[in-house]
Amino acid sequence: MEEQPSLETMQYPVHTNTFAIPKDSLLKQVYDVYKPTPHIFKLKSESGRTVFAEAFIEDSNLGTLVDLSVRALARAFGPDPLPMIASDPSHVKTHYDSLDVEMPLKDCYHISNDRFWKRVVLAKSPVQTLALKPDYDWKSDGISMKFVEMVEACAAEFWPEEEMTRLALNIRGWVREMHIRRLKSLQDYCFEKYFRMESSSSSGEDDEEISEITETTTTTPDETEPAEMGEEEKTESQLELEQLMIDEKAERKRLREELREVRQKAREEREARRKRHAAKREKKLELELKKAQKKKRKQPKDFHGIELTSSEEDVEAKICDKRNKELFLAYKKMYDYPPEHCHHIDLRFIQWFTSLDTFIIEFLGPEMHRNYHYRHLNFSYDDIKRLAVGVSRLPVLRVFRLRNSRMDSKKLGILVDGLKDVSTLEILDLGYDCLNDTCGQHFKKLFTNSQALHSLELESNVLAAQAMKDLSAALLNYNQGKLKYLGLARNPLTDEALHSLISAVYDTEHIESLNLKGVTQLTEVGIACCIAKELLRKHPNLLALDISAVHVSAYAADEIMKALQPNTKIRTLHCRGCDLDEETETDINVILKRNGYVAENPFVGNENVTNEEIDAWINRTKNPIMLSVLAEREKRDTCLLQRPVEFAYKSDMATAEKDIGLSNDERESIMSSSGTSDSKQLRPFEYKPNEFDEKQFIEHVYLPGHSERYYFFKARRRRHV
């Protein structure tokens, strides 16, 4: 048999336009018969060919004329399909596949098609493995991404509160997670009002007026209270926070009034002094004019004899703006962009997302590339106050992460005032936030009202001994819940700091998992005393410990091995990069496997368990393969009980063969009586196509029909044979 030529050898020119092959099966068969073979292209008559008509229908990636029409209608008439398109499921699929993923959120948030939102998520998310997840809420993630894009694109100088609040109220039912990374910062011209000129008295008044304007503008964000869109009950701590903000506003108002009085007095004194100086200058000019009149003016012989008088003082030389760039740059370099001046948009908008479960925010600033400036990474106290107000009003918040931000003790205190009211908070992440040793005083306030907090992540900060003492005191008073995870990786912890924490926590229910990765300031004595003798020996609730990238000497390794041998609770111990030898790492892995087996078999080593209890436990435990086999058998039994009867008994079949000459009503009664033998049998089959209306015909045209009909006609066919 002659070998069929491969279609891969058929090479068309690159510029050839192609269309999709038609969906009609008959046309496909005809085309497969009459399409040209690769040998035809080798003929001499085909060498100068420029038109390839057969190539127009060999591209399956392009749609038919109907698909192109549906796409054009989708782009022209918006996200909702037209009635002529909505009636056909295949056209609806093409409609949503052709919508633009960059469509405004206010126009597409009501769409419930998962294919569209899947395209949106995969187009905006860097994690392309999301397409492999079977059960994923594409709409929730897509709406959140689109809203975050709008927030990050909004300028810091202007926040459209009404528009964004209206949109947030419309979409809050779908938003479960939100991750804000890069907020816009203030532009350069917003900081020019903070530059000072102290050398000239003439410009002092202007600077003081500018300072007054600056002070009022920086305090206006706090004076605006969030508009209440609905009646919500406020907790006592929220009322205290609002009262504290009102008191601060009144105090600032009083200070501004005192400052205005002082500046008014200084302005009056300056005005009087200016008048005195002006009077003195006028007298001096009169005396000079009188002396000049007395002098005989000599006519100079040439221009070398002209006497030049000193010009008046140049006022513009002392103006600090772009008219005097050198002075402007000098004062600009002296200005250090303090956090009080680096404002962002109003973050209180998150209070409207009542279904928000996870909220992550990072003050990374905009994409700077070569225009880097550290001011983009700063954020003001007003920003953290508004963030605390918004977070305190989230009823179901479970995870809060504030990472990669420049925090200090004051900002952390303001944030904790808002977080302590969130009773549902379980995970708090403050990693990479530049928290110093004075921030530990706020942990006690955090654990006072919390009931569900079980994970505290403080990695990559500057926490030291004082912070650990405050944290240990806070954990001792934390009786409402249990802190399971504590992350202290890459903090400058010394032996004293670690000892103050572990000595207060061991033999309690807190800290099942401790992360000490990269804590390089621990000494040999600290590891042997704090980790081996106290943590591994005296803290039975410890299940996981991470000491990766911490140098462990031979003496400390021996102490750790001595502590691990009697410990049957710990299951995970990460010690990569600790300079341990292979034998020690192998022994640690053996001990961890032993602990895992003990956890899976709780009767091992327990002398209080009887043999009967052990036998009952063993009989209750089965092999995973056996469990899967039993599950499959149970599914099969359930399927057999629910399936319809696929055959008729011989007596019923004989009765049917004898009654072939009966009417249709009698036959249906016989079939119905044969089906009533089983209590779980479905109702008898009724098929009257001549009485169907258009709606019933459309519903039943693609259905295969009832299985009893097949056996009825089969028995009738046998009868005639």
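Select E102 and K124 to start: their side chains form a salt bridge, with the closest N and O atoms 3.2 Å apart. (A salt bridge here is a side-chain nitrogen of Lys or Arg within 4 Å of a carboxyl oxygen of Asp or Glu.) This pair links distant parts of the chain, 22 residues apart, with E102 in the loop between α4 (89–97) and α5 (105–108) and K124 in helix α6 (residues 114–124). Helices (H or I, at least four residues) and strands (E, at least two) are DSSP runs, numbered from the N terminus.

Before you move on, two notes on what you are viewing. This is a predicted model, in which local features need pLDDT of at least 70 and side-chain atom pairs count only at pLDDT 80 or more, while totals for chains, interfaces and linings use all residues. Residues are numbered from 1 along each chain as its sequence is written, and side-chain values use heavy atoms, with hydrogens and water left out.

**More salt bridges**

A search of the whole structure finds 21 salt bridges, so there is plenty to click through. Next, select R254 and E251, whose side chains meet in a salt bridge at 2.3 Å, N to O. Both residues lie in helix α10 (residues 236–294), 3 residues apart, about one turn of the helix. R254 is partly exposed, with a relative accessible area of 36%, and E251 is partly exposed at 36% as well. (Buried means under 20% relative accessible area, exposed over 50%, and partly exposed in between, with a 1.4 Å probe and protein chains only.)

Now pick D417 and K445. Their side chains meet in a salt bridge at 3.0 Å, N to O. The pair links distant parts of the chain, 28 residues apart: D417 sits in helix α13 (residues 409–419) and K445 in helix α14 (residues 443–449). Is D417 buried or exposed? D417 counts as buried, at 15% relative accessibility, whereas K445 is partly exposed at 27%.

For a group rather than a pair, select R401, R403, D429 and E457, which are linked in a network of salt bridges. Keep R403 in mind for the next stop.

**Into the strands**

Select residues 358–362, which make up strand β2. How many residues of β2 are buried? The count is 5 of the 5, so the strand is largely enclosed by the rest of the structure. Looking at the side chains, T358, I360 and E362 point one way from β2, while F359 and I361 point the other way.

Add strand β1 (residues 177–180) to the selection: β1 and β2 pair in the parallel sense over 4 bridges. (Two strands pair if DSSP finds at least two bridges between them.) To see one of these contacts, show M178, whose bridge partner in β2 is F359.

Then add strand β3 (residues 399–403), which runs parallel to β2 and is joined to it by 5 bridges. Here E362 stands opposite R403 in β3, and R403 is one of the residues in the salt-bridge network you selected earlier.

**Surface patches**

Switch to a surface view. Patches are made of residues with over 30% relative accessible area and no salt bridge; like charges are joined within 9 Å, and nonpolar side chains (Val, Leu, Ile, Met, Phe, Trp, Tyr) within 5 Å. Accessible areas come from the Shrake-Rupley method with a 1.4 Å probe, and for residues only the protein chains shown count as cover. Lys and Arg count as positive and Asp and Glu as negative, with His and the chain ends not counted. The place of a charge is taken as NZ of Lys, CZ of Arg, CG of Asp or CD of Glu.

- Negative: select D558, D581, E582, E583, E585 and D587, which gather in a patch of negative charge on the surface. Helix α19 (residues 582–600) gives the largest share of this patch, 4 residues. D587 lies in α19 and is partly exposed, with a relative accessible area of 33%.
- Positive: select R273, R276, K280 and K283, which gather in a patch of positive charge on the surface. R276 is found in helix α10 and is partly exposed at 48%.
- Nonpolar: select I625, M626, L627, V629 and L630, which form a nonpolar surface patch with about 450 Å² of accessible area together. V629 lies in helix α21 (residues 624–642) and counts as partly exposed at 39% relative accessibility.

**Two backbone angles to check**

Finish with phi values. Select D507, in the loop between α16 (495–505) and β7 (513–515). D507 has a positive phi of about 65° although it is not a glycine, and D507 counts as exposed at 57% relative accessibility.

Which other residue has a positive phi without being glycine? Go to A549, where phi is near 60°. A549 is placed in the loop between β8 (544–546) and α18 (554–564) and counts as partly exposed at 40% relative accessibility.
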